[in-house]
Amino acid sequence: MFEQVNAKVVKVNVAQAGGVIARTGAMLFYTGDVSFSPHQVPGAGAMGGMSGLAGMAGRMMAGEHERTMLAQGNGEVHYGFAGLETHVVQMQPGAVLRVEASRLLASTAGLQSSVVSVASSGGGSGGRGGGLMGALRGAASGMLTGAGMFTTQLSGQGSAVLLAHGGFFELPVGGQYPVVVDPQAFVAAYGNVQTELKTALSWRDAVGRGSGEAMQLHCAGQGVVYVQASEQKL
C-alpha cells in the first residue's frame with residue numbers, strides 16, 4: 001500500500017489503502033480530495049475509567065500513544081516526520097507487528113490494533129508476564145530504561161510505516177540464541193516474535209563501574225526485529 005519515495009518519505013493512495021491512520025503532523029502534502037479527522041487509538045485508555053491498579057495501567061497505556069489522524073477520500077498523501085528514516089512493512093495474513101508507539105508513522109486503517117506490555121509481548125514470559133501485572137512490570141521497566149512502557153500490536157491485511165533515528169537494522173530471529181536488543185534502540189518486531197525484558201544488573205553496575213546496559217530486550221521465536229542505529233528516543 002505504502003510506497004517508499006526516499007529514505008525519509010512514503011506515499012500512499014488513500015482510496016486503495018481503504019483509509020490511512022498516521023501520527024498527527026506526519027502529513028507533508030497531498031493531491032486529490034482527501035479529508036483528515038482525529039482518530040482514537042483502540043485500546044488506549046480502555047482501562048482509564050477503572051480504579052486502582054487497572055486504572056493506573058490504563059492511564060499509562062493511554063500515555064504511550066501518539067495522537068493520530070485518519071485520512072479518507074480519493075488522492076495521494078505523502079508522509080514523513082522530523083526528517084527521520086522510514087521503512088514500510090507489508091503485513092502478511094497471520095503475522096503480527098509490535099512497534100513502539102513513537103516509532104509508528106502510519107498504517108492502513110484496516111489493520112487491527114491493540115496494546116500489549118513490552119515486557120511480555122507474544123507470551124515470551126511463559127505466561128508469567130501477561131495481564132495487568134505484566135503490564136505494570138513493563139511500565140516499571142520502561143521507566144528504568146527510558147523506552148516505552150507498552151507497545152502497539154498490529155495484525156491483519158495491510159501495511160505499516162516505521163520510524164527510526166539513524167537508519168534501520170533488520171535482524172532475523174529464529175536461531176539457537178535470542179536476539180538481544182537495547183530497549184532504547186528497539187523499533188519493532190514482526191512475525192511470531194516473543195519479547196522479554198531482562199535485567200543484566202551486576203554489583204559493578206550498582207557502584208557505577210559497569211557497562212550501563214542494565215536492561216536488555218530478549219527476542220526469540222520466528223520473525224524479524226527492527227532496530228534503529230541510535231539509542232535516541234523519538
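**Exercise 1. Surface and interior**

Task: For this predicted model, state what area the chain exposes and which share of it carbon and sulfur atoms supply, and then state what percentage of the residues is buried.

Solution: Begin with the surface, where the chain exposes about 10900 Å², and where carbon and sulfur atoms supply 54% of that area. Then turn to the interior: of the 234 residues in the chain, 48% are buried. To place these values on the fold, note that the chain has 4 helices and 15 strands, and that, among contacts between residues at least 6 apart in sequence, 83% join residues at least 24 apart.

**Exercise 2. The nonpolar cores**

Task: Determine which residues of the largest nonpolar core touch the most other members, and which elements each supply at least two of its residues.

Solution: The largest nonpolar core has 18 residues, of which Phe 2, Val 10, Val 20, Tyr 79 and Leu 105 touch the most other members. Tracing this core back to the secondary structure, one finds that at least two residues each come from β2 (10–13), α1 (14–17), β3 (20–23), β5 (68–79), β8 (104–108) and β11 (158–164). The largest share, 3 residues, is supplied by β5. Another core, of 16 residues, lies apart from this one, and its members include Met 91, Ala 95, Leu 162 and Ala 188. As background, nonpolar side chains in soluble globular proteins tend to be buried together.

**Exercise 3. The surroundings of β8**

Task: Explain why β8 can be called largely enclosed, and identify the bridge partner of Ile 21 in β8 and that of Ser 107 in β11.

Solution: First consider burial: 5 of the 5 residues of β8 are buried, so this strand is largely enclosed by the rest of the structure. Next consider the pairing with β3, which runs antiparallel to β8 and is joined to it by 3 bridges; here Ile 21 has Ser 107 of β8 as its bridge partner. Finally, 3 bridges also join β8 to β11, again in an antiparallel arrangement, and in β11 the bridge partner of Ser 107 is Ala 160.

**Exercise 4. The loop after β5**

Task: Decide where Ala 82 lies, whether this residue is buried or exposed, and what its phi angle is.

Solution: Ala 82 belongs to the loop between β5 and β6 (85–91). Since exposed means over 50% relative accessible area, the value of 67% places Ala 82 among exposed residues. Its phi is positive, about 55 degrees, although Ala 82 is not a glycine; most residues other than glycine have a negative phi. As for Phe 81, Arg 23 lies over the face of its ring, at 3.9 Å from the ring centre.

Note on methods
Residues numbered from 1 in each chain as written. Predicted model: local features only at pLDDT ≥ 70, side-chain atom pairs only at ≥ 80, totals over all residues. Heavy atoms only, no water. Lys NZ or Arg CZ within 6 Å of the ring centre and 35° of its normal. Buried < 20%, exposed > 50% of the residue type's maximum accessible area, 1.4 Å probe, protein only. Contact = heavy atoms within 4.5 Å. Areas by Shrake-Rupley, 256 points an atom, 1.4 Å probe, with all protein chains shown as cover. Core = buried A, V, L, I, M, F, W, Y, C linked by side-chain atoms within 4.5 Å. Pairing = 2+ DSSP bridges.
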